Amino acid sequence: EALELLLDPITGSPAHGREVVGILLIHVDDSFFTGTPEFMNFLVAEIGREYKIGSEDWNDIMFCGQRTKWLYDLQGRKKCIDVDQERGIEDLAEVVYDKRLDPDLTCDADLHHQFRSGVGAVNWLQSRTQYQACYPFSRIASALAAPTIKDLAALNKLIRQIRADKVTLRYWPLPGPRRLIGFPDASYRNNADKSSQRGLACFIATERLEGCEDAWGSLVEYESTKIKRT
């Protein structure tokens, strides 16, 4: 009741008492959706009435550089959803520069542009699936305004690490009631420049069972960012 009041203190939430039957994502002229069979049949029919559908993919889909697919067990039953960004990882390229340059030298305009492009490419990966890159990416991105050759070397090192250690996220069907579990953390002046860092990881997990500390779950949100202090 408190949540309903917070969402809409006047009339209450219009979603109260209803169930989600489908989710639709749209990016330019591509769409990604999931839901009940009735929802999906309705959506395809309605979209097809207004637009020409170029192609349809089911159970193995590429959307905005992310490949989402069902994995099956030996009996052919759906086991879990697998999400990877291998195409984007393979496209990552290190910035080419003269290794003899002074590490503390500020990048010229061309290297600065390449640095920004590399950071942008890594950002898309670390924000979606490559959680192992969160912390080093945050530290590298803090130098976007005026990167040095040392920052450039750190970016190249992170790109090599991502390419060598690809991460795939898996989302498992969870039986029974489910819950959100969050692990937040923060440190004071733990970075090399004496700034502070915070991080978090959130999971959808099975219910807590009495006398059991273990739970099945899937990682659904994570980040590592610099703390802004006033």
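Which residues form a positive surface patch? I looked this up in what is a predicted model, and I found the patch to be formed by Arg-189, Lys-194, Lys-226 and Arg-229.

**Entry on Lys-194.** I then placed one member of the patch, Lys-194, in the loop between strand S7 (178-187) and strand S8 (196-206). Its relative accessible area is 48%, and because the partly exposed class runs from 20% to 50%, I noted Lys-194 as partly exposed.

**Entry on the S1–S2 hairpin.** I turned to the strands S1 (residues 22-27) and S2 (residues 30-35), which run antiparallel and are joined by six bridges. Within this pairing I found Ile-23 standing opposite Thr-34 in S2. The two strands form a hairpin with two residues between them, and in the turn I noted that Val-28 has a positive phi of about 55°.

**Entry on Tyr-97.** I located Tyr-97 in the loop between helix H3 (86-91) and helix H4 (109-128), and I recorded this residue as buried, with a relative accessible area of 14%. I also checked its separation from Phe-115: the two are 18 residues apart in sequence and 11 Å apart in space, C-alpha to C-alpha.

**Entry on salt bridges.** A search of the whole structure gave me eleven salt bridges, and I followed up several of them individually.

One of these is formed by Arg-77 with Asp-73, where the closest N and O atoms are 3.0 Å apart; Asp-73 is partly exposed, with a relative accessible area of 24%.

Another is formed by Arg-170 with Asp-82, the closest N and O atoms again being 3.0 Å apart. This pair links distant parts of the chain, since Arg-170 lies in strand S6 (residues 169-171) and Asp-82 in strand S5 (residues 78-84), 88 residues apart. I asked myself whether each partner is buried or exposed, and I found Arg-170 partly exposed at a relative accessible area of 40%, whereas Asp-82 counts as buried at 4%.

I next looked at Arg-160, which forms a salt bridge with Glu-94, with 3.0 Å between the closest N and O atoms. Here too the pair links distant parts of the chain, with Arg-160 in helix H6 (residues 149-164) and Glu-94 in the loop between H3 and H4, 66 residues apart. Both partners count as partly exposed, Arg-160 at 44% relative accessibility and Glu-94 at 37%. Finally, I noted that salt bridges sharing partners join Glu-90, Arg-163 and Lys-166 into one network.

Definitions and conventions
Residues numbered from 1 in each chain as written. Predicted model: local features only at pLDDT ≥ 70, side-chain atom pairs only at ≥ 80, totals over all residues. Heavy atoms only, no water. Patch = residues over 30% accessible without salt bridge, like charges linked within 9 Å, V, L, I, M, F, W, Y side chains within 5 Å. Areas by Shrake-Rupley, 256 points an atom, 1.4 Å probe, with all protein chains shown as cover. Salt bridge = Lys/Arg side-chain N within 4 Å of Asp/Glu carboxyl O. Lys, Arg positive; Asp, Glu negative; His and termini not counted. Charge placed at Lys NZ, Arg CZ, Asp CG, Glu CD. Helix = DSSP H or I, 4+ residues; strand = E, 2+ residues; numbered from the N terminus. Buried < 20%, exposed > 50% of the residue type's maximum accessible area, 1.4 Å probe, protein only. Pairing = 2+ DSSP bridges.
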